[in-house]
Amino acid sequence: MREAISQALMEEMDRDPAVFILGEEVGVWGGTYAVTKGFYDKYGPERVKDTPIAENAIIGAAIGAAMVGQRPVAELMTINFAFAAMDYIVNQAPKLHYMFGGQFKVPMVIRAVGGGGRQLGATHSQTPDAIFAHFPGLKVVSPGTPEDAKGLLKQAIRSDDPVLFIEHATMYQVRGDVPDEEYTIPIGKSKIQRPGSDVTIVTYCKGLELSMKAADELAGQGIQAEIIDLRTLRPLDMEPVLESFKKTNRAVIVEEGWKSYGVGAEVASRIYEEAFDYVDAPILRVAQKEVPLPYNRTLEQSALPQVPDIVAAVKEVLK
Amino acid sequence: MKKEEQLELYYQMVLIRRSEEKAAELYQQGKIGGFLHLYIGQEAVSTGLIAARQPQDRVITAYRDHGVALNCGIPANEVMAELLGKATGTSKGKGGSMHMADPARNMWGGHAIVGGHLPIASGMALGDQYAGNDNVTICMFGDGATNIGFFHEALNLSKVWKLPVLWVCENNQYGMGTSVERASAVSEIRQKAEGYQIPNERVDGMDVMKVYEASQKAIEWVRAGNGPYLLEFITYRFMGHSMGDPERYRDKQEVERWKEGDPIGIFRKQLTAKKVAAKTLDEIEERAMTDALNAVEFAEASPEPELSELFADIYAEEVHK
């Protein structure tokens, strides 16, 4: 996964001189998650800019540079620091095109690392994706495979709109095939990651990894789960979800964030609104328990969604 | 500055005054909604400042932006139409009073979150520095914006990266109804620039020629690659913070005292002393009045935006539904 993201950045920087990177420790250090390792030596300090620890300045500056024609990729060391720059992410970038009657474009990408499971404590472990997906004007992408990460990030950099690109802190080691040839993946398209006929699992990012494991286990018990990976939270592509649901009539939604007001709430509502006649069982959500994530490993893991939770939920909707 | 250019500045100042007086009337009639922050009293700042820029220099400002828009060359018709929320407005009626813009005229917006546009201004300057051109970004803001974190992050970044940005504080002495003394740890805003080793100057903002001279010097200093500069203009708004301000925070005598130093009156006296005939100045005032009235007529006659505009321009690109 890490390599796929690095490749996407490098290919786009080679392709378009307007692309540059800015963020905390992206340069000399090589990125706190090593995604931009070697970039500083290759592209130099003008294109790989180490910033002060000042999230408003980082995202604000990326917006300004994008408005005047550059294509900055701003890195937030973690998505938890996005709250320090909330005005820029939700109140500036997504509004500028619309509010000025289409006069400004903000072709900026914000890369942010989210997710729990690394014992970083409550302030550094969140999966607040749904909050950002609430705002029209922002695109929110969160891939679950290396192939998707590369193709979607390249497309995000080429997009004329602001894109929040959410990676997961525990997924950089994930392995997967990445096409050799040049490719991009359109933003706003969900994808069937595993075909099945008995139940629909809707998920994205870390939830995909867990759901694939759960599906393997369920297959051993004769249950074929179809997994739809949202990949983009806004704009949300419900078509493959509805298509699958109309076939299976049962769904489980898996996300790492808190259940209340979350991605699962949105997806379930849309299924009820648009495919109510096909509902054979209440749609269930597997999500994070409603607590700030604790440091202790056992406690933390018990708060995060796990494979057995998904297996149990699937069995429940199939009862 | 040549006499003709000075007369043009006089015209711009009077145009701002007359347009905003008309806007206030339209607001009272319920034809303008939302907030309406008038620039009356502060005209010399924006007029002198923007007269000193080159065409390639970018201007970005806060929500008290009608005057700035006019000085940047946005026609009064479009400004007035935006105030009325019409399709012919600068932002197609979707921005309103606080969101005038026209990038073709290098007016990069009125911005409504206090201090929010300062890091964006750093970014615009960064974009130009990255492109290797010699554009200067001129970022205007009020005294109130210097107490919020955005200001400090933006100034620090501009100095660390030596960005081509001119910071312009319009110190009208009140952030809404709270005076500088009650809100800021230092009474001279320019002192805050000292903390970032950004050269700075405090200038009389009621005298348009003093504003012009200080701005020209500062803009060219920035353009020469010296990094950021901060100008603090001392000025005063004659009207409330926005329409419907009860003005409990200042007494009438204070306002009257400042009105004696009306920037338009000061400039008129200066021009008269330079032997400009009263008749010439009167004609300019009449022309400004006519243009303001025409703008109102244009705006009132303009169409409302189509309802389909509601969903237009959310994204710059087509999105999959």
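Analyst: Helix axes here are lines fitted to C-alpha atoms over the stretch in contact, and their angles run from 0 to 180 degrees between N-to-C directions. Helices (H or I, at least four residues) and strands (E, at least two) are DSSP runs numbered from the N terminus. This is a predicted model in which local features need pLDDT of at least 70 and side-chain atom pairs pLDDT 80 or more, while totals for chains, interfaces and linings use all residues. Residues count from 1 along each chain as written, chains are lettered from A and ligands numbered from 1 in written order, and side-chain values use heavy atoms, without hydrogens and water.

User: Happy to start with chain B! How far apart are the axes of H2(B) and H9(B)?
Analyst: Let's take the pair together: H2(B) packs against helix H9 (residues 208-226) of chain B at an angle of about 40 degrees. The two are therefore oblique (neither under 35, over 145, nor 65 to 115 degrees). Their axes are separated by 7 Å.

User: Which residues of H9(B) make the contact with H2(B)?
Analyst: H2(B) passes H9(B) in a right-handed crossing (the near helix turned clockwise from the far one by less than a right angle; left-handed if anticlockwise). From H2(B), the contact (heavy atoms within 4.5 Å) takes Ala44(B), Val45(B), Thr47(B), Gly48(B), Leu49(B) and Ala51(B). Facing them from H9(B) are Val208(B), Val211(B), Tyr212(B), Ser215(B) and Ile219(B).

User: How do the residues of the contact of H2(B) with H9(B) divide by class?
Analyst: Nonpolar covers Ala, Val, Leu, Ile, Met, Phe, Trp, Tyr, Cys and Pro, charged covers Asp, Glu, Lys and Arg, and the others, Gly among them, are polar. On that basis, the contact of H2(B) with H9(B) divides into eight nonpolar, three polar and no charged.

User: And H1(B) with H2(B): at what angle do they pack?
Analyst: Helix H2 spans residues 43-51 of chain B, and its axis lies 10 Å from that of H1(B). The pair is therefore oblique, and the crossing is right-handed. The packing angle is about 140 degrees.

User: Which residues in H2(B) meet H1(B)?
Analyst: On the H1(B) side you will find Leu9(B), Gln12(B), Met13(B), Ile16(B) and Arg17(B). By class, this contact holds five nonpolar, two polar and two charged residues. The H2(B) partners are Glu43(B), Ala44(B), Thr47(B) and Ala51(B).

User: What is the angle between H1(B) and H11(B)?
Analyst: Helix H1 (residues 3-28) and helix H11 (residues 263-273) of chain B have axes 10 Å apart, with an angle of about 155 degrees. That makes H1(B) roughly antiparallel to H11(B). Their crossing is left-handed, and the contact has nine nonpolar, one polar and two charged residues. To give the value once more, the angle is about 155 degrees.

User: What area do chain B and chain A bury between them?
Analyst: The contact draws 45 residues from chain B and 52 from chain A. Buried area is the accessible area (1.4 Å probe) lost by two parts on being put together, summed over both. Carbon and sulfur atoms carry 63% of the total, which is about 3800 Å².

User: Which residue of chain A forms a salt bridge with Glu317(B)?
Analyst: A salt bridge is a side-chain nitrogen of Lys or Arg within 4 Å of a carboxyl oxygen of Asp or Glu. The count between chain B and chain A is one. In the Glu317(B) bridge the closest N and O atoms are 2.9 Å apart, and the partner is Lys139(A).

User: Where does Pro235(A) lie?
Analyst: A nice detail to look up is the cis peptide bond from Arg234(A) to Pro235(A), with omega near -5 degrees. Pro235(A) sits in the chain A loop between strand E10 (232-234) and helix H9 (239-248).
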